[in-house]
Amino acid sequence: MKFSVIFEAQLADPTVEREHQLIHDSVEQAVLAEEMGFDRIWAVEHHSLKWYAHMSAPEIFLTWVAARTSTIRIGHGVVCMPFNFNHPARVAERAAMLDLLSGGRLDLGAGRGGTAQETSLCGVDKERTTQEVEEALRIIGKAWEKEELEHHGELIDIDPHPILPRPAQTPHPPLFLACSRTETLTQAAELGIGALVMGFAGPDAIAEMRRAYDGAIAARTEARLVSSVVNDHFSVLCPTIVLDDRETARRVGIRGQRFFAQSIGHWYGGAGIPDEAVVEGSDEAAEMRKAAEQVVARLHEHNIPVRPTSTATFNADHAYGTADDAIAYVERLRDAGADEIMCLIQMGTVPQEACLETLRQWGEKVIPHFRAQESRESAESEESQQSQQPQQPQEATSG
């Protein structure tokens, strides 16, 4: 199982000074993640989503991090793939350059950037985002198959051109898709790419999503694969704050998640402007349930379909607490089918000190627990295989 850290660059009460500090703080966290034994970082592309995501140019952020590190994988997850955000050929060029300079450490994820706020900024056709994402993945998947890329699809035509430079990984960095619904999980499986499950619903819902992903993999044909290389990898979000004091960790984590819920409700569901203030000693879970009811009511008012997972953002049962609490929660995610645990630590109200301490606790206690467990299981499996091998008859010797 892999462990990673994901960055949205969230910011409560943003000022220019706080925003600048936040980006530098995120770099510090990413560098520490390598030191603490994490396998990968992810940076998510969004545009004009004040409060919720100030990570508008993750390709620059990731390049800076790659230059400051040497082993951790660099997850460009996700790139907004609709054409008016990023032309597919330009995504391929930038990805190859970063993969080359990082020594073959890049992973490349795709997303829609489908909010009205984002699509209106760049003139993206909201009705075509799903189709454009898939066609972009097809273009990237075949960009270096031959000396020149040529593509004639339903939405875009590209006459023969070389895509330069070539990436370090052959034929290209592993591909992923942001998934929050069964439809996108099925799409990822049929395209032969990894799933980045961006949801707060918890292990039971994760298990259902894993079954849907595996079912689509079992049923797929080669007709929709976007690359000659298949990447069946299932990464799941894990909101977490880990400190020595359980109650402090839960208070900090749930407050951060409450801000996340308010900001995502604002941009995705028409809710009010986030109010990050939480009264000391109040019942955080009750506050979140109340906020959930308000957001769902607004969703209905705006005639936006409410899915069963709409209130999952308000589920506070995550890896908040001590290292032992985090280990127990990760075991549930592992049993639900997670191939990778994507730690969401940097939420809008979480102070830098808590982010850094959480990374240290994971690196010193949580990750080693699972690495040791995997080593034991591997050794036991090898021993079992050796014991099942037929014994060679010993040759008779004369005395």
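Is Cys-343 buried or exposed? In this predicted model, Cys-343 is buried, with a relative accessible area of 0%.

The cysteines make a convenient starting point. The structure holds 0 disulfides, and since a disulfide is a pair of cysteine sulfur atoms within 2.5 Å, the distances around individual cysteines can be read against that cut-off. For Cys-122, the closest cysteine sulfur belongs to Cys-80 and lies 8.4 Å away, which is too far for a bond. Cys-343 is likewise in no disulfide, the nearest cysteine sulfur being that of Cys-238, at 5.2 Å. The surroundings of these residues can be set side by side: Cys-122 is partly exposed, with a relative accessible area of 27%, whereas Cys-343 is buried, at 0%.

From the cysteines we turn to charged side chains, and to the contacts that they make. A search of the whole structure finds 21 salt bridges, among them one between the side chains of Arg-246 and Asp-325, with an N to O distance of 2.7 Å. This pair links distant parts of the chain, since Arg-246 is in helix 8 (residues 246–269) and Asp-325 is in helix 10 (residues 323–335), with their positions 79 residues apart in the numbering. Arg-246 is partly exposed, with a relative accessible area of 39%, and Asp-325 also counts as partly exposed, at 23%.

A salt bridge within a single helix joins the side chains of Glu-374 and Arg-371, at 3.9 Å from N to O. The two residues are 3 apart in helix 11 (residues 352–388), and are therefore separated by about one helical turn. Here too the partners are partly exposed, Glu-374 with a relative accessible area of 27% and Arg-371 with one of 25%. Another salt bridge brings together the side chains of Arg-181 and Glu-183, at 3.7 Å from N to O; Arg-181 is partly exposed at 23% relative accessible area, and Glu-183 is partly exposed at 42%. Beyond such pairs, Arg-40, Arg-73, Asp-107 and Glu-340 are linked in a network of salt bridges.

Other side chains contribute to patches on the surface. Glu-148, Glu-150, Asp-157 and Asp-159 form a negative surface patch, and of these Asp-159 is placed in strand 6 (residues 157–161), where Asp-159 is partly exposed, with a relative accessible area of 49%. A nonpolar surface patch of about 300 Å² is made by Met-97, Leu-100 and Leu-101. Leu-101 is located in helix 3 (residues 88–101) and is exposed, with a relative accessible area of 64%.

Two strand residues take us to buried positions. His-151, found in strand 5 (residues 149–152), counts as buried at 6% relative accessibility; its C-alpha atom is separated by 9.7 Å from that of Glu-135, which is 16 residues away along the chain. Ser-4 is found in strand 1 (residues 2–7) and is buried, with a relative accessible area of 0%. The C-alpha atoms of Ser-4 and Ala-33 are 8.1 Å apart in space, while the two residues are 29 apart in sequence.

What remains is the backbone. Most residues other than glycine have a negative phi, and most peptide bonds are trans. Against that background, a cis peptide bond joins Gly-77 and Val-78, with an omega of about 15°, and the place of Val-78 is in strand 3 (residues 73–80). A cis peptide bond also joins Leu-164 and Pro-165, with an omega of about -5°; Pro-165 is placed in the loop between strand 6 and strand 7 (175–179).

Which residues other than glycine, then, show a positive phi? Ser-48 has a positive phi of about 65° although it is not a glycine, and Trp-51, also a residue other than glycine, has a phi near 80°. Ser-48 lies in the loop between strand 2 (40–43) and helix 2 (58–68), and Trp-51 is likewise in the loop between strand 2 and helix 2. As for their accessibility, Ser-48 is partly exposed, with a relative accessible area of 38%, whereas Trp-51 is buried, with a relative accessible area of 12%.

Technical notes
Residues are numbered from 1 along each chain as its sequence is written. This is a predicted model: local features need pLDDT of at least 70, side-chain atom pairs count only at pLDDT 80 or more; totals for chains, interfaces and linings use all residues. Side-chain values use heavy atoms; hydrogens and water are left out. Buried means under 20% relative accessible area, exposed over 50%, partly exposed in between (1.4 Å probe, protein chains only). Patches are made of residues with over 30% relative accessible area and no salt bridge: like charges are joined within 9 Å, nonpolar side chains (Val, Leu, Ile, Met, Phe, Trp, Tyr) within 5 Å. Accessible areas come from the Shrake-Rupley method with a 1.4 Å probe; for residues, only the protein chains shown count as cover. A salt bridge is a side-chain nitrogen of Lys or Arg within 4 Å of a carboxyl oxygen of Asp or Glu. Lys and Arg count as positive and Asp and Glu as negative; His and the chain ends are not counted. The place of a charge is taken as NZ of Lys, CZ of Arg, CG of Asp or CD of Glu. Helices (H or I, at least four residues) and strands (E, at least two) are DSSP runs, numbered from the N terminus.
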